[in-house]
Amino acid sequence: MRKKSSTPNRSFKVADQIQRDLTELIARELKDPRVGMVTIQAVEVTPDYAHAKVFFSLLAGDSKQCTEGLNQAAGFLRAGLFKRLHIHTVPTLHFVFDRTTERAADMNALIAQAVASRSKNED
């Protein structure tokens, strides 16, 4: 029986390293004014390492313009990753705006509002 050559956690490790390296590359080397204060939330790598979906959130600014800026800079960022990562195939990057943080803030506001109105009704 032959053992698999790659470890099962390898794709998670690669995705994690891509996330760390992209965070640094975007902050230090990307000069596009459309790309503001970006936080890389997660990276999903396909099993063949050909593509990586990069989920990001934005502190302030237009998410649509930021997505366009990041996707236009994907080749530049991929080249930067190629220099840093020691893997055979560096995936093509696809940036997706992640609304999870935005939705969580909305839910927190709704919960706070419900709690406030409930306490007023009890008085």
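**Exercise 1.** What percentage of the 123 residues of the protein chain count as buried?

*Solution.* The model is predicted: local features need pLDDT of at least 70 and side-chain atom pairs pLDDT 80 or more, while totals for chains, interfaces and linings use all residues. Residues are numbered from 1 along each chain as its sequence is written, and side-chain values use heavy atoms, without hydrogens and water. Buried means under 20% relative accessible area (1.4 Å probe, protein chains only). By that cut-off, 32% of the 123 residues are buried.

**Exercise 2.** Describe the fold pattern and the spread of the protein chain.

*Solution.* Step one: count the elements, where helices are DSSP runs of H or I with at least four residues and strands are E runs of at least two, numbered from the N terminus. There are four helices and three strands, in the order α-β-β-α-α-β-α. Step two: take the radius of gyration over C-alpha atoms and compare it with the globule rule, 2.2 Å times the number of residues to the power 0.38. The radius is 19 Å, well over the 14 Å given by the rule for 123 residues, so the chain is more spread out than a compact globule. The C-alpha box along the principal axes is roughly 70 × 45 × 20 Å.

**Exercise 3.** Classify the packing of helix 2 and helix 3.

*Solution.* Step one: axes are lines fitted to C-alpha atoms over the stretch in contact, and angles between N-to-C directions run from 0 to 180 degrees. Helix 2 (residues 63–72) and helix 3 (residues 74–84) pack at about 50°, with axes 4 Å apart. Step two: angles under 35 degrees are roughly parallel, over 145 roughly antiparallel, 65 to 115 roughly perpendicular, and the rest oblique. The two helices are therefore oblique to each other. Step three: with contact meaning heavy atoms within 4.5 Å, Leu-70, Asn-71 and Gln-72 of helix 2 meet Ala-74, Gly-75 and Leu-77 of helix 3.

How values were computed:
Buried < 20%, exposed > 50% of the residue type's maximum accessible area, 1.4 Å probe, protein only.
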